[in-house]
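Biologist: Please take me slowly through one part of this model, the place where the helices pack together and the sheet beside it. I'd like the residues named, so that I can follow along on screen.

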Amino acid sequence: MRSSAGFAASALSLATLLLAGCYEVPVTGRRSMNLVDEKEVTKMSIAAFDEMKHRYPLSRDKERIAQLQRVGDRIAKVVFWDMPDADWEFVVFEVPHQINAFAMGGGKVGIFSGLYKIIENDDQLASVIAHEIAHVTAKHIHEQLSQEMMVNTGGLVGGVALMGSGANVLTSQALMNVYGLTAGVSGLAFDRKKEKEADYIGLMYMARAGYNPEESVKVLEKLDGESANQPVQPAFLSTHPSNPERILQLMDAMPKALAVREKSAIEAKPTLIK
Ligand SMILES: [Zn+2]
């Protein structure tokens with residue numbers, strides 16, 4: 001039988017955990033669960049990103065690299081208070097068959113060159129990057145890992161025990177699995193709720209940065225077109241809710257996003273890429 005002292009200690013750490021384990025998502029204000037060590041996730045994100053840079057060829061296309069940097073810098077500025085410790089890095093991976101992008105803790109952002117099949121201008125690139133960065137500021141990875149931790153350890157008390165003993169070993173490999181960046185890059189497997197939340201937050205971020213939020217709808221429409229031409233759905237699409245559902249949500253939020261853009265001090269200058 002468990003001693004009463006042990007039980008009191010568990011109850012105390014449980015209370016501490018519940019206090020520490022609550023996170024308010026930026027923009028939406030939703031309360032989410034976070035049981036994982038923030039610093040550990042950032043450390044592993046940086047390691048996983050380094051691994052990606054070894055695993056996939058880097059693009060040498062100066063125009064694309066400069067465009068990603070330009071757009072990334074502007075989005076990074078408006079998310080500063082949501083990610084104050086970020087050491088931003090934007091990388092174009094030369095993987096033409098992958099229409100995909102991702103962002104990680106610590107400010108690491110990668111896009112696969114296949115994305116250029118659907119991206120025509122800075123605004124559209126901004127919508128993709130802002131969506132991916134929204135997953136990070138909303139701590140969706142933390143939430144996902146926390147949910148897995150609860151399942152794997154039999155609930156909160158198990159989670160406390162794991163955290164307390166330091167046995168909660170997060171590896172860069174485990175993190176890449178959550179991101180779906182292993183086994184041929186299959187894309188993130190977030191649930192529908194998280195995807196729609198990232199769409200909404202991303203829309204507000206791109207508007208704050210002065211980009212035209214209406215371009216986000218065109219990206220989703222083009223994804224639909226691409227998926228119709230391919231036997232295998234693009235990764236950015238396959239794990240997301242259906243595009244009509246996402247487009248409807250974006251349209252609903254559009255008046256607000258346009259007002260946010262109107263207020264933004266940054267002047268948008270879309271640049272066409274060849
Ligand atoms: Zn997503």
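Modeller: Happy to, and please keep in mind that this is a predicted model. Let's begin with helices H4 and H8, which pack at an angle of about 120°, with 7 Å between their axes. That angle makes H4 oblique to H8, because the range for roughly perpendicular ends at 115 degrees and roughly antiparallel needs over 145. The crossing of the two is right-handed.

If you turn on the side chains, you can pick out who meets whom. From H4 come Ala126, Ser127, Ala130, His131, Ile133, Ala134, His135 and Thr137. On the H8 side they meet Ala198, Asp199, Ile201, Gly202, Tyr205 and Met206. Sorted by class, this contact holds eight nonpolar residues, five polar ones and one charged.

Now stay on H8, which spans residues 192-208, and look for H11, residues 243-263. These two helices pack at about 25°, and their axes lie 9 Å apart. H8 and H11 are therefore roughly parallel to each other, as angles under 35 degrees count that way. Here, too, the crossing is right-handed. Lys196, Asp199, Tyr200, Leu203, Met204, Ala207 and Arg208 are the H8 residues in this contact. Their partners in H11 are Arg246, Gln249, Leu250, Ala253, Ala257, Val260 and Arg261. By class, the H8 contact with H11 is made of eight nonpolar, one polar and five charged residues. You may notice that Asp199 takes part in the contact with H4 and in the contact with H11.

A useful marker on the way into H8 is Asp191, in the loop between helix H7 (172-179) and H8. Asp191 counts as partly exposed because it has 14 C-beta neighbours inside 10 Å. Its C-alpha atom is 9.7 Å from that of His140, although 51 residues separate the two along the chain.

From here we can go back to H4 by way of the sheet. Three strands make up this open sheet, in the order S3-S5-S4, with mixed pairing. Strands S3 (89-93) and S4 (101-104) are the edges, each pairing on one side only. On average, neighbouring strands here are turned by 15° against each other, ignoring direction.

Take the S4 side of the sheet to start with. S4 and S5 pair in the antiparallel sense over four bridges, and Phe102 stands opposite Gly110 in S5. The two strands form a hairpin with three residues between them. In that turn, Gly106 has a positive phi of about 85°.

Strand S5 deserves a pause of its own. Five of the five residues of S5 are buried, so this strand is largely enclosed by the rest of the structure. Lys108, Gly110 and Phe112 are buried on one side of S5, while Val109 and Ile111 are buried on the other, so both faces are covered. As background, side chains in a regular strand alternate between the two faces of the sheet.

On the S3 side, S5 (residues 108-112) pairs with S3 in the parallel sense, over five bridges. Phe93 has Phe112 as its bridge partner in S5, and Glu89 has Lys108. Helix H2, residues 38-55, packs on this sheet and touches S3, S4 and S5. The direction of H2 makes about 30° with that of S5. H4 (residues 122-137) packs on the sheet as well, touching S4 and S5, and its direction makes about 35° with that of S4. So H4 touches the sheet and also packs with H8, which brings us back to where we began.

One last marker is Arg55, which lies in helix H2. Arg55 is partly exposed, since 13 other C-beta atoms lie within 10 Å. Between the C-alpha atoms of Arg55 and Phe93 there are 9.7 Å, with their positions 38 residues apart along the chain.

To place all this in context, the protein chain has 11 helices and five strands. Of its 274 residues, 41% are buried. Among contacts with a separation of 6 or more, 74% join residues 24 or more positions apart.

Key:
Residues are numbered from 1 along each chain as its sequence is written. This is a predicted model: local features need pLDDT of at least 70, side-chain atom pairs count only at pLDDT 80 or more; totals for chains, interfaces and linings use all residues. Two strands pair if DSSP finds at least two bridges between them. Axes are lines fitted to C-alpha atoms, for helices over the stretch in contact, and angles run from 0 to 180 degrees between N-to-C directions. Two residues are in contact if their C-beta atoms, placed from the backbone, lie within 7 Å. Angles under 35 degrees count as roughly parallel, over 145 as roughly antiparallel, 65 to 115 as roughly perpendicular and the rest as oblique. A crossing is left-handed if the near helix is turned anticlockwise from the far one by less than a right angle, and right-handed if clockwise. Ala, Val, Leu, Ile, Met, Phe, Trp, Tyr, Cys and Pro count as nonpolar, Asp, Glu, Lys and Arg as charged, and the others, Gly among them, as polar. A residue is buried if 20 or more other C-beta atoms lie within 10 Å of its own, exposed if 12 or fewer, and partly exposed in between; C-beta atoms are placed from the backbone.
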